[in-house]
Amino acid sequence: MVDAVETMAWTGQVPWHGLGVEIGADDPALRDMPAFMEKAGLDWEVQKVSLQYGEDHPFTPGETIEDRYHLVRSDNGTQLSVNPVTDEGYDIRDNASAVDVLQPFLDSDEFTLETAGSLFSGRKVWFLCRLGTGFDVGQDDQVANFLTYTIDHSGVNANTAFYTPIRVVCANTLRLATSSAGDMVRDNHRVKFDADMMRVAIDLVRMQSVDYETLCKGMRAHRMSGEAVVDYFRTVYKQQPKPDDAGRLIDSATVKRAIALYHGSDPRNEKQEPAREQQRRNQEVIDAMRRGAEDEASRLLNQIDAPSNDNAVNPGWEKAEGTLWGAYNVVTYIADHSPMRKFTSDDHRLDNALYSGQNDIKSRATIAAAELVA
């Protein structure tokens, strides 16, 4: 199967992965689930196809295997299920079921649709719903509360609805530090996922956001420098320094890069100036333009080397400089936007951002931060 964000639609700011079809703020599709799904390329159905014995079967070649099916897409026939499913053990949840689940909450203005799309040729379908709530960590550093609703067509995993906080300034997808089964609402394809279950999910998000706001503000108030910063990244990445030939302890490339990003620079781009120097130069240009010194402003602009998107300093670092909140967001920035492994694709990063469980790097970062705050 093709590993790709096959289709998606979005509204508001351009998503960090730059994929999908934009829906304008005045487009009626934002309040109409079927129309939004059509723009997101989700207007297809899931069908069961009976399995048959192959022609090389010694006794019943070509005969249908009773109550064994694969799930396929109605529009292109792509196989979705990883393993065969049965009638009794699996009830199909078409993408259209999202209309019944989500439309009542759009109508009541309890949330708005932000993005929707499919991953891995349709095995995973998601809807990112923005609630009208959030909080300010400090210095106008906003975290918005989202609910992610997923439909799984692999025949293996449950459909889910769970809390997804996102830091607005950099679009980092954050992660809770909890690990109980009650952290999300699940639909195992045997019990209908309906509006009542979505109500439970929304109430759960609201409760979780209160605790998460307390944690984030605690991280913002926790000052860090020197070895404390180094120890945090070593703990999160599970990478301790190793001695070189001279016996000096050398940190891994990941830890060293995280430390650099924490201080506002990225070692991946040797020509890139520290962010403080970039800000100083930008201010010089602004001051020259205010004085009407256009020639001087032009000269200063020519001296500024704009960093590439791949190597830019993580946005919003200056709002959290010198704090545990800043260190935590270095980890989420690397995971979502600038992974150490260059071959990590946009679809896998988006998959990790939306679906990763309690053992992923961002969960470890949250747990380590919570221990320091406590």
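These legends go with close-up views of a predicted model, centred on a cavity and a helix pair.

**View 1. A cavity in the predicted model.** If you go looking for enclosed space of 30 Å³ or more, you'll find 1 cavity in the structure. The volume of the largest cavity comes out at about 30 Å³. Rolling a probe the size of a water molecule over the atoms is what shows where empty space is left.

**View 2. Who lines the largest cavity.** The lining is made up of Leu261, Tyr262, Asn314, Trp317, Ala320, Glu321, Gly322, Gly326 and Val330. Two or more of these residues come from each of α5 (253–262) and α8 (324–336). By residue class, the lining splits into 5 nonpolar, 3 polar and 1 charged.

**View 3. How α5 and α8 cross.** Two packed helices are described by the angle between their axes and the distance between the axes. Here, the α5 and α8 axes come within 9 Å, with a crossing angle of roughly 120°. That angle lies over 115 but not over 145 degrees, so α5 and α8 count as oblique to each other. As for handedness, the crossing of α5 and α8 is right-handed.

**View 4. Side by side: the contact of α5 with α8.** On the α5 side, look for Arg257, Ala258, Leu261 and Tyr262. They meet Gly326, Ala327, Val330, Tyr333 and Ile334 in α8. The residues of this contact divide into 7 nonpolar, 1 polar and 1 charged. Some names will ring a bell: Leu261, Tyr262, Gly326 and Val330 belong to this contact and also line the largest cavity.

Terms used:
Residues numbered from 1 in each chain as written. Predicted model: local features only at pLDDT ≥ 70, side-chain atom pairs only at ≥ 80, totals over all residues. Heavy atoms only, no water. 1 Å grid on protein atoms, 1.4 Å probe; cavity = no way out; pocket = protein on both sides within 12 Å on 5 of 7 lines; lining within 4 Å. Points joined across faces, edges and corners; volume = space filled by probe spheres on them. Helix = DSSP H or I, 4+ residues; strand = E, 2+ residues; numbered from the N terminus. Nonpolar A, V, L, I, M, F, W, Y, C, P; charged D, E, K, R; others polar. Axes fitted to C-alpha atoms, helices over the stretch in contact; angles between N-to-C directions. Parallel < 35°, antiparallel > 145°, perpendicular 65-115°, else oblique. Left-handed = near helix turned anticlockwise from the far one by under 90°. Contact = heavy atoms within 4.5 Å.
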